[in-house]
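Here is a short report on one protein chain. It moves from charged pairs to the nonpolar cores and then to the empty spaces.

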Amino acid sequence: MSSTPIHTLPETVHPPRYAPATTRDVAAALNEILAPLHAAARDSSSLVASRQPMELRGVPTGISRFLLLGQRGGGKPIRLGLFAGLEAGNLETVRALAQLVLQLKSSLALSRDFALITYPVVNVRGFTADAAPLADFESRFARDSAEADVQFFKTELRKWRFDGLLSLRTDPGARGFHAAVRSEIIAAEVVEPALAAAASALPLATQAVRVRPGDRYARTADYAHGRLSPPADVRPYPFEIELYAPRGPITETRTDGLFVALTEILRLYRAFIAHGQDL
């Protein structure tokens, strides 16, 4: 067992707000980041790309989704949702997630038994000229807005019935990378050793693993406040992991560290549920 400490999450993280100059600048940057993923999906049997077109405030846009099927093992694939692009204008998590998917596509054995459904940009309005903050998306999500982006993600969360949700986030006040999870068991058996394995490439915060309340009341409250999660009555409820990066660019070295952490999470969770089935 790693010595990475586990602590109860005491504070709310306030993400930064970035505001690129124009809608055209942002669209060009996103296209540049996502183009290699779309290209890799062409004629691929393991990576499937799609884009849901929509209009937000009268402006045509879309949400990209990538489905990566890992090497087939036995039984039904474990469905893991991967999310980024939550903090307004922060292209770092978008770029990191895109690179992680490309790396996994090159080594499908590392995602054996998994179906990874990836959404590089959740807060679509956050990547427009006015860079709407994540709180805007959460407010609309909470009141079940009829707007296309909110309904897209609510439909996805119900349709896929994810076994787990993993989000790449940023925490400008942190001195190192850290994770927030709902389950003490997942924290101790999966996330803690995964971060320890990546510690040589990822500078870790003193409180590297933080446990959020995981009971139904906490989930209901989070959903009611617009947190990106399925309703509390969904069964079975997916495990949730949020990986927070400190302020600054996610360099190539740090992306390699995130890759180690992610692949270790996949391996350890696969072993964890296999052990549970044998009990």
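## A buried arginine and its partner

Arg 182 counts as buried, at 8% relative accessibility. Buried means under 20% relative accessible area, exposed means over 50%, and partly exposed is in between (1.4 Å probe, protein chains only). This is a predicted model, in which local features need pLDDT of at least 70 and side-chain atom pairs count only at pLDDT 80 or more, while totals for chains, interfaces and linings use all residues. Residues are numbered from 1 along each chain as its sequence is written, and side-chain values use heavy atoms, with hydrogens and water left out.

Arg 182 forms a salt bridge with Glu 240, and their closest N and O atoms are 2.7 Å apart. A salt bridge here is a side-chain nitrogen of Lys or Arg within 4 Å of a carboxyl oxygen of Asp or Glu. The two residues come from distant parts of the chain, 58 residues apart. Arg 182 sits in the loop between β7 (177–181) and α5 (184–197), and Glu 240 is in strand β9 (residues 239–246). Helices (H or I, at least four residues) and strands (E, at least two) are DSSP runs, numbered from the N terminus. Glu 240 is also buried, at 10% relative accessibility. Arg 182 and Glu 240 belong to one network of salt bridges that share partners. The other members are Glu 87, Arg 169, Arg 212, Asp 222, Arg 227 and Glu 242.

## More charged pairs

The structure holds 20 salt bridges. Three of them are set out here.

| Pair | Closest N to O | Separation in sequence |
|---|---|---|
| Arg 182 and Glu 240 | 2.7 Å | 58 residues |
| Arg 57 and Asp 130 | 3.1 Å | 73 residues |
| Arg 125 and Asp 136 | 3.4 Å | 11 residues |

Take Arg 57 and Asp 130. Arg 57 lies in the loop between β2 (47–56) and β3 (59–69), and Asp 130 lies in the loop between β5 (114–119) and α3 (134–142). Arg 57 counts as exposed, at 53% relative accessibility. Asp 130 is partly exposed, with a relative accessible area of 41%.

Is Arg 125 buried or exposed? Arg 125 is buried, because its relative accessibility is 5%. Arg 125 is in the loop between β5 and α3, and its partner Asp 136 is in helix α3. Contact means heavy atoms within 4.5 Å. Leaving aside neighbours within four places in sequence, Arg 125 is in contact with Leu 56, Arg 57, Asp 130, Ala 131, Ala 132, Asp 136, Arg 140 and Glu 147.

## The chain and its cores

The chain has 7 helices and 9 strands. Of its 279 residues, 51% are buried. Among contacts with a separation of 6 or more, 79% join residues 24 or more positions apart.

In soluble globular proteins, nonpolar side chains tend to be buried together. A nonpolar core is a set of buried Ala, Val, Leu, Ile, Met, Phe, Trp, Tyr and Cys residues joined through side-chain atoms within 4.5 Å. The largest such core has 55 residues. Which residues touch the most other members? They are Leu 166, Val 191 and Ile 241. Beyond its neighbours within four places in sequence, Ile 241 is in contact with residues including Leu 165, Leu 166, Ala 180, Val 191 and Ile 265. A second, separate core has 21 residues, among them Met 54, Tyr 119, Val 150 and Phe 153.

## Empty spaces

Cavities and pockets are found on a 1 Å grid over the protein atoms alone. A cavity is a set of points where a 1.4 Å probe fits but cannot get out. A pocket is an open set with protein on both sides within 12 Å along at least five of seven lines. Lining residues have an atom within 4 Å of a point.

The second largest pocket is lined by 24 residues. Leu 30, Arg 51, Thr 61, Gly 62 and Val 124 lie nearest its centre. Helix α1 (23–41) gives the largest share of this lining, 8 residues.

The whole structure has 3 cavities of 30 Å³ or more. The lining of the largest cavity includes Thr 93, Arg 169, Phe 177 and Tyr 244. Strand β9 gives the most to this lining, with 3 residues.

Conventions
Points joined across faces, edges and corners; volume = space filled by probe spheres on them.
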